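I am opening a notebook on a structure that is new to me, and I want to write down what I look up as I go. Before anything else, I put the sequence and the model on the page.

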Amino acid sequence: MGEGVDLFVRFFRAVHGLEPFDWQRALAERVIEGPGWPAAVDVPTGLGKTAALDVAVVALARQADRPPAARTAPTRTFIVVDRRLLVDQAFERARRIAAALEMPEDEAVRRVAEGLLRIGGGGRPLEVVRMRGGVTWSWRWLASPCQPAVIAGTVDQFGSRLLFRGYGVGERLRPIDAALCGRDALLLLDEAHLSPALAENLDRAHQLEAAVEHSILAERTPRPVLLSATLRVREVDDAHVLRVNPEAERAEAARRRFAASRRLRLCEIEGGGRAGRERLVRALAGLAAQALTGLGGGGPRVAVVANTVATARGTFEELRASLGDRADVELLIGRCRGFEREQLGLAERIRGAFAAADPRPDRDRPA
């Protein structure tokens, strides 16, 4: 294990209280000590793709002693995903990293914080910004282009700024936002299969700039790193994709997830419109209630994932009416305002209910 990977492992352990998976170590080795970021990271759901943020932060800190023009690690890391709830999860992880860097209690964290401070010229080691609808952030979301930062945002917020059309951004600020998004920036495009247009536009922009004679900008154009559990065939040259090797993963948590049984049942719902949606809602609620009974044991847990807000809300209301006090029924949708979600602790309650070891002693009711 090289010095850079060793620093990453100790940093990861200190910040998150966990050992990184083997694939996360492999990514750190490639980025920090090898050829750099792959074009894509093809990792199954639940194996910690957002740990790419930790890799990006450590990689930047390791290059603090290099002149700015000699750094290959971008100063700003954008993690962009076309789902508000996933933006919030990435934002919370970035805030956890930033909080650890603010008051480092571990030698590895202190080394990373000192490197980031040298790059940013003082102030905070790492700035964290959230860009999505339903929340507010300062129009001057970074005080300096030298400030190391992690920005979690939706595709429309990032893409509009990159193309000089930022939502709510005045004409004089558009070039600044475009430069912050389009230069000295790493783009981690999470759930990349949901946003092929953004990746294609970035590739096209890179091709156009590379064709300009004596261009000094092409080298700093952000190329997306696609993060996906369902990477499309031929989307990326296979030689530039980092994949998980299930046989090589030594962590017990990873091995359990690979070995977990997965069953698929296809239920066809006839008709469309409101009547079709009502039939779909009743079918989903019925299957969820049936699954609760079938799981048995103390406090079985079932998740219903819908692709529209109306279906999710309808299923929630149907389950609440049919189950009554026999189960806890929660609704988590992107239209919930961040304030209410934080005040009610909805996301934390739902994540806690599905945690491997639920810390609440009263978890004996179905959910």
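Before I sort any lining by class, I note the classes: Ala, Val, Leu, Ile, Met, Phe, Trp, Tyr, Cys and Pro count as nonpolar, Asp, Glu, Lys and Arg as charged, and the others, Gly among them, as polar. I also note that what I am looking at is a predicted model.

**Entry: the chain as a whole**

I looked up the overall make-up, and the protein chain has 13 helices and 7 strands. Of its 367 residues, 43% count as buried. Among the contacts in the chain with a separation of 6 or more, I find that 67% are between residues 24 or more positions apart. The chain exposes about 20,500 Å², and carbon and sulfur atoms supply 51% of that area.

**Entry: the largest cavity**

I asked how many cavities of 30 Å³ or more a search of the whole structure finds. The search finds 2, and the largest has a volume of about 50 Å³. I wrote down its lining as A56, V57, L60, P74, T75, T77, L116, L126, P148, A149 and V150. Sorted by class, this lining has 9 nonpolar residues, 2 polar ones and no charged ones. Which elements each supply at least two residues of this lining? They are α3, residues 52-62, and β4, and the largest share, 3 residues, comes from α3.

**Entry: the second largest cavity**

I then turned to the second largest cavity, in which about 30 Å³ of space lies. Its lining is made up of F78, I79, V80, M131, I151, A152, G153, T154, Q157 and F158. The elements that give two or more residues to this lining are β2, β4 and α6, the last of these covering residues 155-162. By class I have 7 nonpolar and 3 polar residues here, with no charged residue in the lining.

**Entry: aromatic pairs**

A search of the whole structure for aromatic pairs finds 3. In the pair of F8 and F12, the ring centres are 5.7 Å apart and the planes stand at 55°, so I record the pair as tilted. Where do F8 and F12 sit relative to each other in helix α1? They are 4 residues apart in that helix, which spans residues 3-16, and this separates them by about one helical turn. I checked the accessibility of both rings' residues and found F8 buried, with a relative accessible area of 0%, and F12 buried as well, at 4%.

F78 and W141 form an edge-to-face pair, with 6.2 Å from centre to centre and 75° between the planes. F78 lies in strand β2, residues 76-80, while W141 is in the loop between β3 (127-131) and β4 (149-153), so the pair ties together parts that are 63 residues apart in sequence. Both F78 and W141 are buried. Ring pairs link these two residues with F158 into a cluster, and I noticed that F78 and F158 are also among the residues that line the second largest cavity.

**Entry: single residues**

I looked at T315, which is found in helix α11, residues 309-323. Is T315 buried or exposed? T315 is buried, since its relative accessible area is 3% and buried means under 20%. Leaving out residues up to four places away in sequence, T315 touches V281, L284, A285 and V304. With A285, T315 is 30 residues apart in sequence and 5.6 Å apart in space, C-alpha to C-alpha.

L173 has its place in the loop between α6 and α7 (174-182), and I note it as partly exposed, with a relative accessible area of 25%. The C-alpha atoms of L173 and W139 are separated by 8.7 Å, although the two residues are 34 residues apart along the chain.

F164 lies in the loop between α6 and α7, and it has a positive phi of about 65° although it is not a glycine. I record F164 as partly exposed, with a relative accessible area of 40%. E191, a residue other than glycine, has a positive phi near 45°. I found E191 in the loop between β5 (185-190) and α8 (196-210), where E191 counts as buried at 17% relative accessibility.

Key
Residues are numbered from 1 along each chain as its sequence is written. This is a predicted model: local features need pLDDT of at least 70, side-chain atom pairs count only at pLDDT 80 or more; totals for chains, interfaces and linings use all residues. Side-chain values use heavy atoms; hydrogens and water are left out. Rings of Phe, Tyr and Trp (its six-membered ring) pair if their centres lie within 6.5 Å; planes under 30 degrees apart count as stacked, over 60 as edge-to-face and the rest as tilted. Buried means under 20% relative accessible area, exposed over 50%, partly exposed in between (1.4 Å probe, protein chains only). On a 1 Å grid over the protein atoms alone, a cavity is a set of points where a 1.4 Å probe fits but cannot get out, and a pocket is an open set with protein on both sides within 12 Å along at least five of seven lines; lining residues have an atom within 4 Å of a point. Grid points are joined across faces, edges and corners, and a volume is the space filled by probe spheres set on the points. Contact means heavy atoms within 4.5 Å. Accessible areas come from the Shrake-Rupley method with a 1.4 Å probe; for residues, only the protein chains shown count as cover.
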